[in-house]
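Dear colleague,

Please find the structure below, handed over for your use. A summary of the findings follows it.

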Amino acid sequence: MQGKKRLKKTEKTTLKKVLRLVARYRAWIVLSCVFAVCTVLASLYVPVLVGRVIDLIFGAGQVDFEGLTRVLLAIGIVVAVSAVFQWFMSAVNNRITFQVVRDMRKAAFHKLEILPLKYIDSHPHGDIINRVISDVDQFADGLLMGFTQLFSGIVTIAATLVFMLAVNWHIALVVVFLTPLSLFVARFIAKKTYGLFMEQAETRGEQSAMINETVANLKVVQAFSHEAQSMKRFDEINDRLEVCSRRAAFFSSLPNPTTRFVNSVIYAAVCFVGAFTAIAMPGTLSVGQLTALLSYVIQYTKPFNEISSVITELQNALACAARIFELIEEQPQPEDAADAATLGDIKGNVRLEHVAFSYVPERKLITDLSLTVKPGQRIAIVGPTGCGKTTVINLLMRFYDVDGGRILVEGTDIRDAMRRDVRGAYGMVLQETWLKTGTVRDNITLGKPGATQEEVILAAKASHAHSFIMRLPKGYDTPVSDEGGSLSQGQKQLLCIARVMLCLPPMLILDEATSSIDTRTELKIQSAFSRLMQGRTSFIVAHRLSTIREADVILVMRDGSIIEQGNHDELLRQNGFYAKLYNSQFAV
Amino acid sequence: MKKLLVHMRGYWRESILGPLFKLLEAVFELFVPLVVAAVIDRGIRGGDRRYVLLMCLVLVALGVVGLLSSVTAQYFAAKAAAGFAKKVKSILFGHVQSLSFSEIDTLGTSTIITRLTNDMNQIQNGVNLFLRLVMRSPFVVFGAMVMAFTIDARAAVIFVVVIPILSVVVFSVMLTCIPLYKKIQGRLDKVLGLIKENLSGVRVIRAFRMEANETGEFDRRNEALTRMQKRAGRFSALMNPATFIVINIAIICLIRSGALRVDAGALSQGQVVALYNLMSQILVELIKMATLIITMTKAVACGNRVQDVLELRSSQIWPDVSPEEAIGDLAVEFRGVSLRYQNAGGNALSGIDFAAKKGQTIGVIGGTGSGKSSLVHMIPRFYDAYGGEVLVNGVNVKDYPQKELRAKVGIVPQKAVLFGGTLRENMRWGDPNATDEEIYEALTTAQAKEVADAKGGLDFVIGQGGKNLSGGQRQRFTIARALVKKPEILILDDSSSALDFATDAALRRAVKAMGGRTTVFVVSQRASSVQYADRIIVLDDGEIAGIGTAEELLQTCEVYKEIHESQFKKEGAASDAGQKKAEKN
């Protein structure tokens, strides 16, 4: 097709990838094509038959009833065949499309599970979700439309052309030369309206953003009596939107009537040429044939009119596909080496040797961090907000790999070990609690799926979660989820602790909450934490002084790097940043 | 939806002329088969070339007139729809802004946003399509039938039978598909939910090595979605073949009975062709009509949702006249105040009695859900008292005009929110006429000057929602914004939670140094943040558990003691030392 020549390079490569995906279903595609040809041919044969019938009813007393019944029966059969094949074709097309799309979603999600955290941390989640959901959906629409309309459109054009040429080639030529006219008109208008659509989309986006911002923070707006200014800004955007959306709606509705007009001109032309032929050369063109030709004109021009919208839709689908492939082809985290060591019995020896790390090469974070942790020791990580305390967690858990130096667990470089072993060695409770959608029990047994009810209750009791769980409407079977829900922040944290309590890994990573937990729950969390920590090597992102004071080693972080290291008394003696931080809590 | 249509006022002309012109187009279209019939019967049969030429020109003329009326109709429709949407949106936005906090809480901001954006777009599309098709499609369908009657009454009977059958087929396919599509949406939501969860919980999932379980779950949900999609696809694919069969059976009957009539001399060949052409026109329009009805039901549903919001009355009434303020030194007074949120079973606050003098610093402390924020929110009258009264400067807050009361109170909300625009614009939310100097003064007090300087000064452009700032930076700016207002009453609602201890301390010092008559309310979970307030209100489960200075409360108030000890446990020595140091300061 014309438009395809204009496909850009990226579109071409995307198209190739799409075809490779679709190729898996090539048997179905062949079937779809066969059905399409059958459907189109059968449905195009109907007007010919109707034309033949018309010729059989010439005038009063000149009706061939015997022939009539025969042809009408033929029409019935052809119609039935066409309809059945059409249904088959659609069903097959649906099947292909939805399976291709399913494969894409699957590939995308499977990739998501093995992507490095770096990717997930640095890409907006909304954008990733959009790719797997909306883009895939749009792609499906385009693909389906492509299958059903593009192919059968081409078959229709070809077949009608052949039929028309067979019936009367003069008229066929008239149609062939005039039809592209409607295509040009439609293209011309589409080009002109594209800008208007972009303008409308942009203004609409601007308005949505403004609405989002204002309504989501309506309380602030009211607290600062900012309503009048907001209204003014809204009306300003709203006025602009009215103008461009009126124009976009109007101009975008033009192709339909104009192509309809072009078609009616063609119709008139065919009628004219046909009638003159019938008069000038009687016998060459019957009334029935003219009727058939006229209905072909409509059949022939229809795919032409649709083709421009199909092509835009396909281009759009390709753009979406490109975005999905981008995700699918993203570099995954390196696989565990084939000879990766198993960590075996972990006592709690961790050593960091000259570790260097940064998220972006331009901004050095940790340059040279060395630390030896013996079994059972507590390491507190302290520092002001946003200083990169979680970076240490990221490295220990091997969410990110170090740039330089190495981290050893029981003498094995964690990069030489299986990821699952490294992560399994730690029990992790983050400040930002995360609950899986499911029941309370599902959440506690996350780390030990086969746990018995007794084990679950024991773990919940040990982490002071049992009593509030029992007060929930369905106890351990109460559904919970990360969003909203009836659990308080503190209760969520207790559940997360119970989760770790159940599988009790040899080492711990704990992230203390800064605020938003009430004192009593906090006391419970503290007591659960200390029970967890008994005899275990623990890394704690600490905010409370009691935790910090009891730590064997305190890592003091500032702006992403570790600036001081030692225990409480040593650090106070140094009278450096830690001392300043420590004293500030009590100074006014 | 009905009440919304009032706002079509001003567009009556467009909304009548639009469909009318569309009707005109349809009329001209219906003439086409008749003209073709004439060409066949008089032109070809009679060998009249002039007549054929004339009739073909008529066909072109019909096309031109049809084009013109259609374009005119579409212009009117687009104008009316866009104008209507603009008007309703503006009214809705204004109305939403006037709602009180109670209504905002009940509705939820996300629904309000959907109604202002998505629903409004649907309504606009609906109105546009309605004006374009409301007359056309039924007219073409029934017009074709009427035209058939003018040709031959007996043949037309077939039309009368076919139209309802076709309608039943079209609508039953559509109606079966709608619930299927809803199911698809439900399954899609499940897939979406899992993806969301896997992104937000990526660390926990990987820490617990749940990747295989999650992919297994995803594959299951994905498969369920695909199954449903295929099923719906099979159903909706029935539409075209089914209608094709019905219309062709009708054509067979039409020709069969037509043939008998022609044989009897009651009908001409050309007229049979005309009947056949008319029948073909019906199908397209019927499908259009079905889509129109579906779009319209959606639009009406959206319209009702919008109307629901518009009918919501604000539960607060504000007077227009400023009250006479009492002369005295009380800035804020609560007299037996209780608060009950809408749709809540119990009171959020009850029996609150206290008074704050001008210039005092009042600390408010308590656990989560103890009612700290609720208490301070009653001062700028975000919520009305359920019982008792709240007084500012000796006057019930209900007697102040909205603007006047809100101008007195500067609040730094728990969630640090900034708006798209420059830093200066954001700071001027507090006072539209604030000079750069005044802004810098506020920034300095809020410990935010350093951040502002690092970002390049007041012209720094803050992204929507303040996304290009860290939590701590946003919080400092929101504090500065409230300070620009130079309020009589300043409320810091847990505003230092994202600040480290050092910055928090510096802020407290600076606010205190501001001095003057500003009454400051500090809400916090940290005992250290309220420790040096003139008075501390300790809340427990919506009731006052104690009021006094830190030392008094340590002696008398169990709840305060517990909070204090949980945060300063085993810190006795250091804490004492710190306090001595503070006293020196």
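Chain A contains 21 helices and twelve strands. Its radius of gyration is 36 Å, whereas the globule rule gives 25 Å for 588 residues, so chain A is more spread out than a compact globule. Please note that this is a predicted model.

**Chain A**

Taken along the principal axes, the C-alpha atoms of chain A occupy a box of roughly 120 × 60 × 50 Å. Of the 588 residues in chain A, 43% are buried. When contacts in chain A with a separation of 6 or more are considered, 80% of them are between residues 24 or more positions apart.

**Chain B**

The secondary structure of chain B likewise amounts to 21 helices and twelve strands. For chain B the radius of gyration is 36 Å, against a value near 25 Å for a compact globule of 585 residues. A box of roughly 120 × 60 × 50 Å along the principal axes holds the C-alpha atoms of chain B. Buried residues account for 48% of the 585 residues in chain B. Among its contacts between residues at least 6 apart in sequence, 78% link residues at least 24 apart.

The domain assignment divides chain B into domain 1, covering 1–152 + 296–314, and domain 2, covering 357–381 + 396–584. Each of these domains is thus listed as two segments. The centres of domain 1 and domain 2 of chain B, taken over C-alpha atoms, are separated by 56 Å.

**Helix H1 of chain B**

Helix H1 of chain B comprises 35 residues (residues 12–46). At 1.5 Å a residue it should span 51 Å, and because its end C-alpha atoms are 50 Å apart, the two values agree. H1(B) nevertheless has a kink of about 30 degrees, centred on Val39(B). After H1(B) comes Gly47(B), which has a positive phi, near 65 degrees.

**The interface between the chains**

How many residues of chain A are in contact with chain B? The contact involves 125 residues of chain A and 132 residues of chain B. On the side of chain A that touches chain B, the largest share comes from helix H4 of chain A (residues 65–114), with 25 residues. By class, that side of chain A has 69 nonpolar, 37 polar and 19 charged residues. The size of an interface is often given as the accessible area lost when the parts come together. The description here is instead in terms of residues in contact, 125 of them in chain A.

Yours sincerely

Notes:
Residues numbered from 1 in each chain as written. Chains lettered and ligands numbered in written order. Predicted model: local features only at pLDDT ≥ 70, side-chain atom pairs only at ≥ 80, totals over all residues. Domains from an automatic or database assignment. Contact = placed C-beta atoms within 7 Å. Helix = DSSP H or I, 4+ residues; strand = E, 2+ residues; numbered from the N terminus. Nonpolar A, V, L, I, M, F, W, Y, C, P; charged D, E, K, R; others polar. Rg over C-alpha atoms; globule rule 2.2 N^0.38 Å. Buried ≥ 20, exposed ≤ 12 C-beta atoms within 10 Å, placed from the backbone. Expected span 1.5 Å × (residues − 1). Bend = angle between axes of the 7 residues up to and from the residue.
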